[in-house]
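Thanks, everyone. I have one model to go through today, so please look at the screen.

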Amino acid sequence: MLKNSVPDCLKALASIFSPFAPLYIVGGAVRNSLLNYPVSDFDIASDLLAEKVEELLDGSNFQIVASYKRTGTLVIKCKQYKFEYTTFRQDSYPLKSGIHTPSKCIFTKDMQTDALRRDFTCNSLYYDIMQDKIIDLTGGQQDIKNKILCTVREPNQTLSEDALRIMRLVRFAVELGFEIERQTFEAAKEYASGLQEISKERIKDELIAIFNAVFKYNSKSLGVKPSDGIRLLVDIGAMKYILPEVLDMINVPQNPKFHIYDVYNHSLNTIDNLPPDLMMAGLLHDIAKSVLLKKYGNMYMHELAGSDMAREIMSRLKFSNTEIERISRLVRIHMFNVDGKTRLSKCRVFIADNLDYFDDFIALRRADGLATNPDNYDESLVQKMIDIKNQMVKDGLPITIKDLSVNGNDLLQCGYKGKEISEMLGKIRLWILQNGKVPQREEILNKLRRV
């Protein structure tokens with residue numbers, strides 16, 4: 001039961017509240033305790049206004065580190081714990097606006113009113129800390145038992161007022177391994193367009209959470225796949241407002257000599273073979289194929305066009321510059337030596353130029369290969385690149401010009417100047433990588449003097 005998971009400092013906080021109002025744990029922690037999943041984050045609530053809570057905690061061991069009075073929310077810190085406290089309230093949204101933030105909050109003493117402002121019944125359970133009992137006003141315990149996701153109110157009302165709940169619906173379905181109740185699913189389809197009103201940052205954050213969802217409580221053991229979240233977003237009609245380019249991949253055929261799936265299903269199977277931080281690369285690695293096929297009748301050099309598309313898509317979704325560079329680079333290089341016939345000298349140069357992304361490249365290549373045709377997948381092609389890289393490290397080949405045994409001062413002594421110095425250092429590095437042997441410093445200097 002949840003009682004054994006409640007930190008002592010939260011029990012102490014409930015004692016401070018008790019003369020005035022019961023303190024409740026609400027939401028995911030209560031749900032997880034019923035599912036025997038880990039409990040770590042504790043959202044708490046009562047009917048006390050934020051100002052009253054601040055007054056109660058003044059001079060105590062509890063510190064209020066953030067305050068959002070309009071929504072009655074406080075972030076309360078004690079030791080290593082942070083608890084988000086919210087006063088019971090009723091939220092108002094502009095009619096069918098789809099926006100995530102309520103335009104008006106009315107505080108209330110009524111728990112039923114507070115429960116009905118929440119999203120899904122499984123997240124609308126209250127646990128009375130002092131009384132050690134769960135209060136269920138929306139049928140959440142039965143829905144958890146049946147593994148069903150259902151809105152607390154009529155689905156059209158709940159999902160129309162906050163469209164981000166549609167992405168949360170998908171995330172919880174994958175995270176918990178729950179089925180979406182039919183009317184809730186239909187309402188999600190009807191109000192998916194409301195995602196246009198949600199900030200790109202929030203869209204991006206939920207998309208990342210969906211990528212991570214299957215690993216949070218190991219719903220993979222229930223037969224859930226990471227790609228199931230993407231499929232749900234497509235089936236609901238939400239992907240049109242998140243990443244519409246994905247829809248263009250559906251039913252786009254590929255060469256049956258190599259591929260057993262169309263572009264869409266191949267990309268989703270690629271996701272299933274990747275860690276969460278590389279799933280965006282898996283989703284986008286063939287994103288340009290449909291565009292090129294329509295425009296030119298072929299998919300030649302799709303990795304180059306796809307890299308540009310990945311950069312534009314991720315910029316639109318407000319990913320960080322670091323992540324944009326990482327994923328767009330992986331899309332650009334994912335086809336390198338795909339047939340294993342590239343010259344060894346060229347492989348060494350490629351590895352040196354992309355060493356910072358090499359492990360990601362290998363992961364994407366492996367996932368791509370497994371999703372092309374798992375029965376014909378040849379791990380030796382990937383292993384060959386790993387072996388080349390390991391031999392390069394063993395032989396001490398220069399990854400950058402800083403790894404050379406000569407430097408700019410040496411070239412100055414040999415009569416080089418200005419741009420000639422950096423250009424020649426680059427040529428020396430390239431020459432060594434292509435030859436696969438590190439010459440003695442004097443051998444390099446002798447060559448430079450003879451140039």
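I'll begin with the core. This is a predicted model, and its largest nonpolar core holds 130 residues. Within that core, the residues that touch the most other members are Leu10, Ile25, Leu233, Leu243, Met280 and Leu284. The element that gives the most to this core is helix α7, residues 164–176, with eight residues.

Take Met280 from that list. Which residues is Met280 in contact with, once its neighbours within four places in sequence are left aside? They are Leu207, Phe211, Leu243, Ile313, Met314, Leu317, Phe319 and Ile327. Another core lies apart from the largest one. This other core has eight residues, including Tyr24, Ala45, Met111 and Tyr126.

Next, the overall form. The protein has 21 helices and eleven strands. Its C-alpha trace spans about 90 × 55 × 40 Å along the principal axes. The radius of gyration is 28 Å, whereas a compact globule of 451 residues would have one near 22 Å. Of the 451 residues, 52% count as buried. As for contacts between residues at least 6 apart in sequence, 66% of them join residues at least 24 apart.

Now the pockets. The largest has a volume of about 1,400 Å³. It is lined by 40 residues, and Asp43, Glu84, Arg118, Asp119 and Arg168 are the closest to its centre. Two or more lining residues come from each of α2 (28–35), β2 (43–46), β5 (81–87), β6 (89–92), α7 and α9 (200–216). Which element supplies the largest share of this lining? That is α7, with six residues; α7 is also the helix that gives the most to the largest core. By class, the lining of the largest pocket has 19 charged, eleven nonpolar and ten polar residues.

The second largest pocket has a volume of about 830 Å³. It has 27 lining residues, and those nearest its centre are Phe258, His259, Met335, Val338 and Thr372. Helices α14 (302–316), α17 (358–372) and α18 (379–395) each supply at least two residues of this lining. The largest share is from α17, with four residues. How do the lining residues of the second largest pocket divide by class? There are nine nonpolar, ten polar and eight charged.

To recap the two pockets: α7 gives the largest share of the lining in the largest one, and α17 does so in the second largest. That's what I have; I'll take questions.

Technical notes: Residues numbered from 1 in each chain as written. Predicted model: local features only at pLDDT ≥ 70, side-chain atom pairs only at ≥ 80, totals over all residues. Heavy atoms only, no water. Core = buried A, V, L, I, M, F, W, Y, C linked by side-chain atoms within 4.5 Å. Buried < 20%, exposed > 50% of the residue type's maximum accessible area, 1.4 Å probe, protein only. Contact = heavy atoms within 4.5 Å. 1 Å grid on protein atoms, 1.4 Å probe; cavity = no way out; pocket = protein on both sides within 12 Å on 5 of 7 lines; lining within 4 Å. Points joined across faces, edges and corners; volume = space filled by probe spheres on them. Nonpolar A, V, L, I, M, F, W, Y, C, P; charged D, E, K, R; others polar. Rg over C-alpha atoms; globule rule 2.2 N^0.38 Å.
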